[in-house]
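Me: Please take a close look at one part of this structure and follow the contacts outward from there. I should like a connected account rather than a list.

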Amino acid sequence: MLLMGIGYAVSCSNCRFSQHFTVGVGMMYSSLDQVINLLHYTRRPKVLEILKNHDVHETDYEHRIFECPNCEKLRGAFWAKIVYDNDQTYETEFICRDCNKRMEPVLEPKQLRGNRCPICGERRLNVTEDMLWD
Ligand SMILES: [Zn+2]
Ligand SMILES: [Zn+2]
């Protein structure tokens, strides 16, 4: 069995809101170019261009949960960061569809516990965690 990541279920104890996220990287994600399809298609040409034509020092990538600092909407996305050439950095950014604010990564999903529910607005979110195996 291969570990595929960690699953988080975020739900509200006051209404029916429920959203599932996968966080982390699967064990077969051995390099960024192998998982390029997980990036949004509009980002792929730029990322491939950097990987191919530049002096890449470091790549980092994983599935993350992002949160809007304004409306607290949540979104799961595949995040990637590349450090290349003379300390240049490429990093995927995610913008809230509702308020156009830059969303921030939730690095400790358990901290969402007690956050405001994006549907009913009550601070009643619960988080449960489980390991995802292939
Ligand atoms: Zn927002
Ligand atoms: Zn709710």
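Reply:

**A metal site and its surroundings**

At 2% relative accessibility, C117 counts as buried. The model is a predicted one, and C117 is a convenient place to enter it. The SG atom of C117 is a donor to the zinc ion (ligand 2), together with the SG atoms of C12, C15 and C120, at distances of 2.3 to 2.4 Å. The angles among the 4 donor atoms run from 103 to 118°, and the site is tetrahedral. Along the sequence, the donor residues follow the spacing C-x2-C-x101-C-x2-C. The site thereby links distant parts of the chain: C15 belongs to the loop between strand 1 and strand 2, C117 to the loop between strand 6 and strand 7, and the two residues are 102 residues apart. What is the exposure class of C15? With a relative accessibility of 23%, C15 counts as partly exposed, because the limit for a buried residue is under 20%.

The loops that carry C15 and C117 lead to strands of an open sheet. This sheet has 3 strands in the order 2-1-7, with antiparallel pairing. Strand 2 (18-23) and strand 7 (125-133) stand at the edges; each has a single partner strand, so one side of each lacks a neighbour in the sheet. From one strand to the next, the twist averages 20°. Strand 1 (residues 3-12) is joined to strand 2 by 6 bridges, and the two run antiparallel. Within this pairing, G7 stands opposite T22 of strand 2.

The zinc ion (ligand 1) offers a parallel case. Its protein donors are the SG atoms of C68, C71, C96 and C99, which lie 2.0 to 2.3 Å from the ion. The angles among these 4 donor atoms are 101 to 121°, and this site too is tetrahedral. The sequence spacing of the donor residues is C-x2-C-x24-C-x2-C. Here again the pair links distant parts of the chain: C68 sits in the loop between strand 3 (56-67) and strand 4 (74-84), while C96 sits in the loop between strand 5 (88-91) and strand 6 (104-106), 28 residues apart. C68 and C96 are both buried.

The strands flanking C68 form a hairpin, with 6 residues between them; in that hairpin E72 takes a positive phi near 65°. Strand 3 and strand 4 pair in the antiparallel sense over 11 bridges, and one bridge partnership is that of H63 with F78 in strand 4. Strand 3 also pairs with strand 6, again in the antiparallel sense, over 3 bridges. There E67 has E104 of strand 6 as its bridge partner.

F78 leads on to the aromatic residues. A search of the whole structure finds 3 aromatic pairs. In one of them, the ring centres of Y29 and F78 are 6.3 Å apart and the planes stand at 80°, so the arrangement is edge-to-face. Y29 lies in the loop between strand 2 and helix 1 (44-53), whereas F78 is in strand 4, so the contact ties together parts of the chain that are 49 residues apart in sequence. Y29 counts as buried at 14% relative accessibility, and F78 is likewise buried, with a relative accessible area of 6%. A tilted pair is formed by F66 and F94, because their planes are at 50°, with ring centres 4.6 Å apart. The two rings come from distant parts of the chain, F66 from strand 3 and F94 from the loop between strand 5 and strand 6, 28 residues apart. That loop is also the one that holds C96. F66 is buried at 3% relative accessibility, and F94 is buried with a relative accessible area of 5%.

Ring pairs also link Y29, Y61 and F78 into a cluster. A further contact involves a charge and a ring: the charged end of R64 sits over the ring of W79, 3.5 Å from its centre.

To return to the starting point, C117 is buried and C15 is partly exposed, although both are donors to the zinc ion (ligand 2).

Note on methods:
Residues numbered from 1 in each chain as written. Chains lettered and ligands numbered in written order. Predicted model: local features only at pLDDT ≥ 70, side-chain atom pairs only at ≥ 80, totals over all residues. Heavy atoms only, no water. Donors = N, O, S within 2.8 Å, 3.2 Å for Na, K, Ca; no water. Tetrahedral: all angles 85-135°; square planar, octahedral: opposite > 155°, others 65-115°. Helix = DSSP H or I, 4+ residues; strand = E, 2+ residues; numbered from the N terminus. Buried < 20%, exposed > 50% of the residue type's maximum accessible area, 1.4 Å probe, protein only. Pairing = 2+ DSSP bridges. Axes fitted to C-alpha atoms, helices over the stretch in contact; angles between N-to-C directions. Phe/Tyr/Trp six-rings, centres within 6.5 Å; stacked < 30°, edge-to-face > 60°. Lys NZ or Arg CZ within 6 Å of the ring centre and 35° of its normal.
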